[in-house]
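Visitor: I am new here and would like to be shown around. Could we go through it by question and answer?

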Amino acid sequence: MNFLNNNLAKSLLRLRMVENEISKRYSYQEMRCPVHLSIGQEAAAVGVCNNLKIKDQVYSTHRCHSHYLAKGGNLQSMISEIYGKKSGCCGGRGGSMHLMDISVGMMLSLPIVASVIPIAVGAAMSKKINKSKSVVVVFFGDAAVEEGVFHESANFASLHNLPILFVCENNRYSCFTDISERQPSEDLTRLARSHNIESIKMNGNDVIKVLNQSKKIIKKIKKTSKPFFLQLNTYRYVEHCGPDNDDHLKYRNKNEVKKWLNDDPIENFFKYLKKKKQYDEKKIEVIKNEIAVEIKKSFDFAINDNFPEVSSLQKNVYAQ
């Protein structure tokens, strides 16, 4: 494998293995915050973030583990945060849905649907005022476009020509409700076009296509200082909130689930490597073993870390 493909393989596997471990350990009742996992959606985060520099900023949602890690966030700090420990990236105060690491450009993640979008647009406005050559990327799910604040933000970004990439990870479901029950069309780019924002939709489970397409988009945004809307169609493998499979609830069709499992982002990438004659099974095993060691160290550290001091309870609280 060349350097790029080695990096992509490591990033995809790392996200999957980390979240599988969170899923495995969640029942121990030591992680006391809700978790929204991106298992099955890894190619979206890896493909886009691989084209970003540290000064480029990422804003995310409740399903933010993949964005945090793909942007360069520290795994030990993330796991400690999920355990509510003082070494967490937010000091153990935020939990799974509030991850940030300003040092690598992972600025913020918020759990309320669509609430992070106007903040990201404000950041893009700041970059334009300061004549920065960097870009803002905001990730959100398909349900976010059904909130009024998305349209207000898209309108503002378009009107003021702001350097922002709207990345809609369309996994089809708002909790248990399929997109067909919420939207007259699954083509969400039509909403971007209504605000005169250039857009494209594509398979979000093909990391090479996401990588190449987002590279062109990000380059264009930096050159023109105009917003862009990227719809990445993908699929979450586990429940909306939590570590388990909830298909026994029968809100997802078995054939639909099977179709998406056969479009797995990691397996798609391995097929690409085999086609390019770059697949090296021994190298993949080495990568998996290295990631497994990192994961174990991060969980061991988090479990043994201390909780925040009680005396720090009112730190960063702005109203008594």
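Visitor: Which residue is the bridge partner of Phe166 in E8?

Guide: Keep in mind that we are looking at a predicted model. Strand E4 (residues 164–170) runs parallel to E8, and six bridges join the two. In that pairing, the partner of Phe166 in E8 is Phe229.

Visitor: And which residue has Phe229 as its bridge partner from E7?

Guide: Strand E7 (residues 198–203) also pairs with E8 in the parallel sense, over six bridges. The residue whose partner in E8 is Phe229 is Ser199.

Visitor: What is the hand of the β-α-β unit that contains E7 and E8?

Guide: The unit consists of E7, helix H8 (residues 207–224) and E8. Its two strands, E7 and E8, pair in the parallel sense. The hand of this unit is right-handed.

Visitor: Is E8 largely enclosed or largely open?

Guide: Buried here means under 20% relative accessible area. Strand E8 covers residues 228–233, and five of its six residues are buried. That is why E8 counts as largely enclosed.

Visitor: Which strands are at the edges of the sheet?

Guide: The sheet is open, has six strands with parallel pairing, and follows the order E2-E1-E3-E4-E8-E7. An edge strand pairs on one side only, and that describes E2 and E7.

Visitor: By how many degrees are neighbouring strands of this sheet turned against each other on average?

Guide: Take the six strands in the order E2-E1-E3-E4-E8-E7. Ignoring direction, the average turn between neighbours in this sheet is 15°.

Visitor: How many residues of E4 are buried?

Guide: Side chains in a regular strand alternate between the two faces of the sheet. In E4, Ile164, Phe166, Cys168 and Asn170 point one way, Leu165, Val167 and Glu169 point the other way, and all are buried. E4 is therefore largely enclosed by the rest of the structure, and its buried count is seven of seven.

Visitor: Through which helix does the chain cross from E3 to E4?

Guide: E3 and E4 pair in the parallel sense over six bridges, and Gly141 has Glu169 as its bridge partner in E4. The β-α-β crossover from E3 to E4 is right-handed, and the helix on the way is H6.

Visitor: Which residue of E8 does Glu169 stand opposite?

Guide: Glu169 is also the bridge partner of Gly141. In E8, the residue opposite Glu169 is Leu232.

Visitor: At about what angle does H6 run to E4?

Guide: Helix H6 (residues 148–159) lies across E3, E4 and E8. Its angle to E4 is about 150°.

Visitor: How many residues of H2 are buried?

Guide: Helix H2 (residues 42–49) lies across strand E1 (57–60), strand E3 (136–141), E4 and E8, and runs at about 170° to E3. The buried residues of H2 include Glu42, Val46 and Cys49. H2 is mostly covered, with a buried count of eight of eight.

Visitor: With which side chain does the side chain of His240 make a polar contact?

Guide: His240 is in the loop between E8 and helix H9 (254–261). This residue is buried, with a relative accessible area of 18%. Leaving out residues up to four places away in sequence, His240 touches His36, His62, Arg63, Cys175 and Asp246. The polar contact, at 3.2 Å, is with the side chain of Arg63.

Visitor: What separates the C-alpha atoms of Asn316 and His240?

Guide: Asn316 is in the segment after helix H11 (281–304) and counts as exposed at 52% relative accessibility. Along the chain, Asn316 and His240 are 76 residues apart, and the separation of their C-alpha atoms is 30 Å.

Visitor: Is Ala114 buried or exposed?

Guide: Most residues other than glycine have a negative phi. Ala114 has a positive phi, near 75°, and sits in the loop between strand E2 (106–109) and helix H5 (116–129). With a relative accessibility of 5%, Ala114 is buried.

Visitor: And is Asn196 buried or exposed?

Guide: Asn196 also has a positive phi, of about 60°. Its place is in the loop between helix H7 (189–193) and E7. At a relative accessible area of 68%, Asn196 is exposed.

Visitor: How many residues does the largest nonpolar core have?

Guide: Ile22, Met78, Ile79, Leu165 and Phe269 have the most contacts inside this core. Its residue count is 65.

Key:
Residues are numbered from 1 along each chain as its sequence is written. This is a predicted model: local features need pLDDT of at least 70, side-chain atom pairs count only at pLDDT 80 or more; totals for chains, interfaces and linings use all residues. Side-chain values use heavy atoms; hydrogens and water are left out. Buried means under 20% relative accessible area, exposed over 50%, partly exposed in between (1.4 Å probe, protein chains only). Helices (H or I, at least four residues) and strands (E, at least two) are DSSP runs, numbered from the N terminus. Two strands pair if DSSP finds at least two bridges between them. A crossover is right-handed if, with the strands pointing away from the viewer, the path from the first strand over the helix to the second runs clockwise. A polar contact is a pair of N or O atoms within 3.5 Å; within protein, one must be able to donate a hydrogen and the other to accept it, and residues adjacent in sequence count only if both atoms are side-chain atoms. Contact means heavy atoms within 4.5 Å. Axes are lines fitted to C-alpha atoms, for helices over the stretch in contact, and angles run from 0 to 180 degrees between N-to-C directions. A nonpolar core is a set of buried Ala, Val, Leu, Ile, Met, Phe, Trp, Tyr and Cys residues joined through side-chain atoms within 4.5 Å.
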